[in-house]
Amino acid sequence: MSIDDRLEKIEGMLAVLVERQQVREWYSVEEFARIVERSEFTCREWCRHGRIRAEKKESGRGAYASWAISHGELLRYQREGLQPLSNTF
């Protein structure tokens with residue numbers, strides 16, 4: 001393996017690490033699920049049931065708006081866990 005190949009490999013790994021550590025203001029359910037190591041379905045259900053504080057975005061898949069989760073909520077979840085289940089059902 002040449003030095004150029006090794007440098008490309010190192011730069012690629014560095015880009016992945018920077019992307020993982022990048023602090024964002026809002027996360028999609030997919031990004032949130034990857035960070036907290038849960039399935040996207042589970043995280044969407046948490047949003048739907050109010051276990052995670054999330055907001056609906058204008059855009060989404062078809063007629064359905066997608067969820068957006070703030071960085072503050074991610075930090076709160078990592079410190080405290082899920083919100084109690086609400087009795088709205």
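Let me open with a question: is Glu37 buried or exposed? Glu37 counts as exposed, at 67% relative accessibility. Hold on to that residue, as we will come back to it.

Hello everyone, and thanks for coming. Before we go on, please keep in mind that what you have in front of you is a predicted model.

Let's start with the inside. The largest nonpolar core is made of 13 residues, and Phe32, Cys43 and Ile52 are the ones with the most contacts inside it. Who supplies this core? At least two residues come from each of helix H2, residues 29–36, helix H3, residues 40–48, strand S3, residues 64–70, and helix H4, residues 71–80. H2 gives the largest share, with four residues.

So let's look at H2. Its buried residues are Val29, Glu31, Phe32, Ala33 and Val36. You will notice a glutamate, Glu31, among those buried residues. What covers them? The cover includes strand S1, which is residues 26–28, along with H3, S3 and H4.

Here Glu37 returns. H2 is followed by Glu37, which lies in the loop between H2 and H3. Glu37 is not a glycine, and yet its phi is positive, about 60 degrees.

On the other side of that loop is H3. Which residues of H3 are buried? They are Cys43, Trp46 and Cys47. Looking down the axis of H3, you would see these buried residues fall within an arc of 100 degrees, so they line one face of the helix. There is a general point behind this: an α-helix has 3.6 residues a turn, so residues three or four places apart point the same way. As for partners, the buried residues of H3 pack against H2, S3 and H4. Just after H3 comes Gly50, with a positive phi of about 80 degrees.

Let's take the buried residues of H3 in turn, beginning with Cys43. Its relative accessible area is 0%, so Cys43 is buried. Beyond residues up to four places away in sequence, Cys43 touches Val29, Phe32, Ala33, Val36 and Arg38. Val29, Phe32, Ala33 and Val36 are also on the list of buried residues in H2.

Now, two cysteines in one helix may make you curious. How many disulfides does a search of the whole structure find? It finds zero. Why is there no bond for Cys43? Its closest cysteine sulfur is the one in Cys47, and that is 7.0 Å away, too far for a bond. Cys47 itself is buried, with a relative accessible area of 5%.

That leaves Trp46, which brings us to the aromatic rings. The whole structure contains two aromatic pairs, according to the search. One of them is formed by Trp46 and Tyr77: the pair is tilted, with 5.5 Å centre to centre and 40 degrees between the planes. This pair links distant parts of the chain, since Trp46 is in helix H3 and Tyr77 is in helix H4, 31 residues apart. Are the two residues buried or exposed? Both Trp46 and Tyr77 are buried. Phe32 joins in as well, because ring pairs link Phe32, Trp46 and Tyr77 into a cluster.

Another ring has a charge for company. The charged end of Lys56 sits over the ring of Trp67, 4.5 Å from the ring's centre.

Next, let's follow H4 towards its end. Arg76 is in helix H4. You might guess that an arginine would be out in the open, but Arg76 has a relative accessible area of 6%, so it counts as buried. What does Arg76 touch? Leaving out residues up to four places away in sequence, the list is Arg51, Ile52, Arg53, Gly81, Leu82 and Gln83.

Gln83 is worth a stop of its own. Gln83 sits in the segment after H4, and it is buried, with a relative accessible area of 16%. Apart from neighbours within four places in sequence, Gln83 is in contact with Gly50, Arg51, Arg53 and Arg76. Gly50 is the residue we met just after H3.

Finally, a look at H1, the helix of residues 3–21, where we find Glu19. Glu19 is exposed, with a relative accessible area of 53%. How far is Glu19 from Trp46? Their C-alpha atoms are separated by 25 Å, and the two residues are 27 apart along the chain.

That is my tour. Thank you for listening!

Technical notes. Residues numbered from 1 in each chain as written. Predicted model: local features only at pLDDT ≥ 70, side-chain atom pairs only at ≥ 80, totals over all residues. Heavy atoms only, no water. Core = buried A, V, L, I, M, F, W, Y, C linked by side-chain atoms within 4.5 Å. Buried < 20%, exposed > 50% of the residue type's maximum accessible area, 1.4 Å probe, protein only. Contact = heavy atoms within 4.5 Å. Arc of directions from axis to C-beta. Phe/Tyr/Trp six-rings, centres within 6.5 Å; stacked < 30°, edge-to-face > 60°. Lys NZ or Arg CZ within 6 Å of the ring centre and 35° of its normal. Disulfide = S-S within 2.5 Å.
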